[in-house]
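Here is a friendly tour of one protein chain, written for someone who likes to check claims against coordinates. Please keep the viewer open as you read.

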Amino acid sequence: MSFSSFIGNEAAKSQIENFISKDKIPHAIILEGARGLGKRTLAKLISKACVCEKTWEKPCGKCIHCKKVDREVHPDVIYPEKSGALHTYNIETIREMREDAYIIANEAQNKVYVLTEVDNMGIPAQNALLKILEEPPANVIFILTCISSMNLLQTIRSRMQIISLVPVHFEEAKLYIRKKYKELPDAKIDEAVKISYGNIGLAIEMLTSEGLKETVRIANDIASVIVSPRPFELLKATSGLISDRKKFKEVLNFIIIFLREALILS
């Protein structure tokens, strides 16, 4: 997979490709954007470009390094483990990564650390990360993904290149999903793309995951009763969210989308 096959976000891709073509990849990058926009996919593409053995048009996707990154078995592209109730990176993990970063790469010219969805990373762990960002080792690249870089310390943000991802145009999203899921009816694809507001990953999850379908149903019920004076119905619709913080956040995101669409239509 190359950058050209990554749908949408032309400005972000152009920025990254410019860094790569000039051999000036930042030592620390933040990819921010909503869940489903392809942050992890883009992080993998950048990782491939960092270790690709080709001298131009990186990543080639064909060399041994690119193939190993695709399978997530490259020894120099490292995904530190998460832990704890918040499923994030603790201070011990960051300290271990910091020590490992000073060890020369095994096979490639560069060494890459990919930390995904760092929004919940605690302050102590962020401060531990800051220490290596202040004086990064040569040929080491850190890639962080998050929903919003504002969830990170300003001192971290100031030392990283922030690249923001946005939903794609509806027609682009529909075309991509139709090619990938030929068996799905066009009407369902159109509805998923509209509800997800052009977020391809989220639209696909809506079409293939029963859990997310239920989340969308709950959000739709809540949005419907919010705009009408039916307090009992509102309590009924939200009762199942009291003990499920994760689902509550997912439902809230869809309610925002529904109400935004209603405002546009009005």
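In helix α1, which covers residues 10-21, K13 and E10 sit 3 residues apart, so about one helical turn separates them. This is a predicted model, and in it the two side chains form a salt bridge whose closest N and O atoms are 3.3 Å apart. The partners differ in how they are covered: K13 is buried, with a relative accessible area of 5%, whereas E10 counts as exposed at 51%. The cut-offs explain the labels: K13 is called buried because 5% falls under 20%, and E10 is called exposed because 51% is over 50%.

Two further pairs are worth selecting next. E205 and R35 form a salt bridge with the closest N and O atoms 2.8 Å apart. This pair links distant parts of the chain, 170 residues apart: E205 belongs to helix α9 (residues 200-208), and R35 to the loop between β1 (28-32) and α2 (39-51). E205 is partly exposed at 28% relative accessibility, and R35 is partly exposed as well, at 33%.

The other pair is D70 and K48, whose side chains meet in a salt bridge at 3.1 Å, N to O. D70 lies in helix α3 (residues 64-70) and K48 in helix α2, so the bridge ties together parts that are 22 residues apart in sequence. Here D70 is partly exposed, with 36% relative accessibility, while K48 counts as buried at 1%.

The three pairs look like this side by side:

| Salt bridge | N to O distance | Source |
|---|---|---|
| K13 and E10 | 3.3 Å | closest N and O atoms |
| E205 and R35 | 2.8 Å | closest N and O atoms |
| D70 and K48 | 3.1 Å | side chains, N to O |

How many salt bridges are there in total? The count comes to 13. Some of the charged residues are linked in a network of salt bridges, made of E171, K174, R178, D186 and D190. For the charges as a whole, the protein chain has 37 positive and 33 negative side chains. The centres of these two sets lie 1 Å apart.

D190, from that network, also serves as a reference point for N9. N9 and D190 are 181 residues apart in sequence, and their C-alpha atoms are 20 Å apart in space. N9 is found in the segment before α1 and counts as buried, at 12% relative accessibility. Which residues does N9 contact, leaving aside its neighbours within four places in sequence? They are S164, L165 and V166.

Now for the backbone. The loop between α2 and α3 holds both E57 and P59. A cis peptide bond joins K58 and P59, with omega at about -10°. E57 has a positive phi of about 50° although it is not a glycine, and E57 is exposed, at 63% relative accessibility. Another positive phi in a residue other than glycine occurs at N139, where the value is near 60°. N139 lies in the loop between α5 (123-134) and β4 (140-146) and is partly exposed, with a relative accessible area of 44%.

On the surface, I226, V227, L234 and L259 make a nonpolar patch of about 320 Å². V227 is placed in the loop between α10 (210-226) and α11 (231-238). At 62% relative accessibility, V227 counts as exposed.

Finally, zoom out to the whole chain. The protein chain contains 12 helices and 5 strands. Its C-alpha trace spans about 65 × 40 × 30 Å along the principal axes. Of the 266 residues, 43% count as buried. The chain exposes about 14,600 Å², and carbon and sulfur atoms supply 55% of that area. Among contacts between residues at least 6 apart in sequence, 69% join residues at least 24 apart. The bridge between E205 and R35 is one example of a link between distant parts of the chain.

Conventions:
Residues numbered from 1 in each chain as written. Predicted model: local features only at pLDDT ≥ 70, side-chain atom pairs only at ≥ 80, totals over all residues. Heavy atoms only, no water. Patch = residues over 30% accessible without salt bridge, like charges linked within 9 Å, V, L, I, M, F, W, Y side chains within 5 Å. Areas by Shrake-Rupley, 256 points an atom, 1.4 Å probe, with all protein chains shown as cover. Salt bridge = Lys/Arg side-chain N within 4 Å of Asp/Glu carboxyl O. Helix = DSSP H or I, 4+ residues; strand = E, 2+ residues; numbered from the N terminus. Buried < 20%, exposed > 50% of the residue type's maximum accessible area, 1.4 Å probe, protein only. Contact = heavy atoms within 4.5 Å. Lys, Arg positive; Asp, Glu negative; His and termini not counted. Charge placed at Lys NZ, Arg CZ, Asp CG, Glu CD.
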